[in-house]
Amino acid sequence: MTPQDLAKALEGRGWKASIHKSLKGLVKVHPDGLFKCVDGRESDHAGDAMRGPKALGGIYAIAALRGKRELKHLKPIVAEVRRKGYVPSVHGDDHGSIGCGFFKLWQTGQLPGVRPPNYDGAAGREEILSQDGAYEWLKGGHEEWFTIINLRSGTTFRPNPNDQRFVLDAWVAQEFKLPLAEYAVLAAETVERLRPAAMVAKIIV
Ligand code: ZN
């Protein structure tokens, strides 16, 4: 899937899409960075922890796309993310451990073609913490107004609570051998259901 294909697919779903060689705020991924959710809100973690790759629901993206629906499937995924040099994480918010929009859609069967997990947010959090993963607590409301889809391997953007956007480091798909086209559709579905105002994609190549 080329960046142009991706832009066209998004436009076909009613998005605006543009392709960029770079964008202000692009940074290299840091070894202390959380493999974290695309969510644009402010985190209780800070500094280099914000310089990890961003995926749908953090490590839940890997589980969902591989059809790994049991709690016991999280342990090897946490280990795999660690081996690749990132800090595995999931998150909640003021509403508790189901505060991740992607996890909520996945768990309640609202993502077409993706079967829901057999556990809830609280159980997922406990399992990931027990495997030495991280749990983020995000504050405030969603105000994302665009979506960065970053295809440049090894780079990311920090969340900016004062100018919120979703950050999807889509290069992660290749690193974890996930199907990029399916992943892009899942990301589009998630944004469309949670935050139609953010259906503006800036694709970084
Ligand atoms: Zn989330």
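In this predicted model, the donors of the zinc ion are spaced along the chain as C-x53-H-x8-C. The pair of cysteines joins distant parts of the chain, 63 residues apart: Cys 37 belongs to strand E3 (residues 34-37), whereas Cys 100 lies in the loop between strand E6 (87-93) and helix H4 (101-107). Coordination is through SG of Cys 37, NE2 of His 91 and SG of Cys 100, at 2.1 to 2.2 Å.

Both cysteine donors were examined for solvent accessibility. Cys 37 has a relative accessibility of 5% and therefore counts as buried, since the cut-off for this class is under 20%. Cys 100, with a relative accessible area of 1%, is likewise buried.

The protein chain contains seven helices and eleven strands. Its C-alpha trace extends over about 40 × 35 × 30 Å along the principal axes. The radius of gyration of the protein chain is 15 Å, which agrees with the value near 17 Å for a compact globule of 205 residues. Of these 205 residues, 51% count as buried. Among contacts in the protein chain with a separation of 6 or more, 70% are between residues 24 or more positions apart.

The accessible surface of the protein chain amounts to about 9,000 Å², and carbon and sulfur atoms contribute 51% of this area. The protein chain carries 29 positive and 24 negative charges, and the mean positions of the two sets are 5 Å apart.

Conventions:
Residues are numbered from 1 along each chain as its sequence is written. This is a predicted model: local features need pLDDT of at least 70, side-chain atom pairs count only at pLDDT 80 or more; totals for chains, interfaces and linings use all residues. Side-chain values use heavy atoms; hydrogens and water are left out. Donors are N, O and S atoms within 2.8 Å of the metal (3.2 Å for Na, K and Ca); water is not among the atoms, so sites may look incomplete. Helices (H or I, at least four residues) and strands (E, at least two) are DSSP runs, numbered from the N terminus. Buried means under 20% relative accessible area, exposed over 50%, partly exposed in between (1.4 Å probe, protein chains only). The radius of gyration is taken over C-alpha atoms; the globule rule is 2.2 Å times the number of residues to the power 0.38. Contact means heavy atoms within 4.5 Å. Accessible areas come from the Shrake-Rupley method with a 1.4 Å probe; for residues, only the protein chains shown count as cover. Lys and Arg count as positive and Asp and Glu as negative; His and the chain ends are not counted. The place of a charge is taken as NZ of Lys, CZ of Arg, CG of Asp or CD of Glu.
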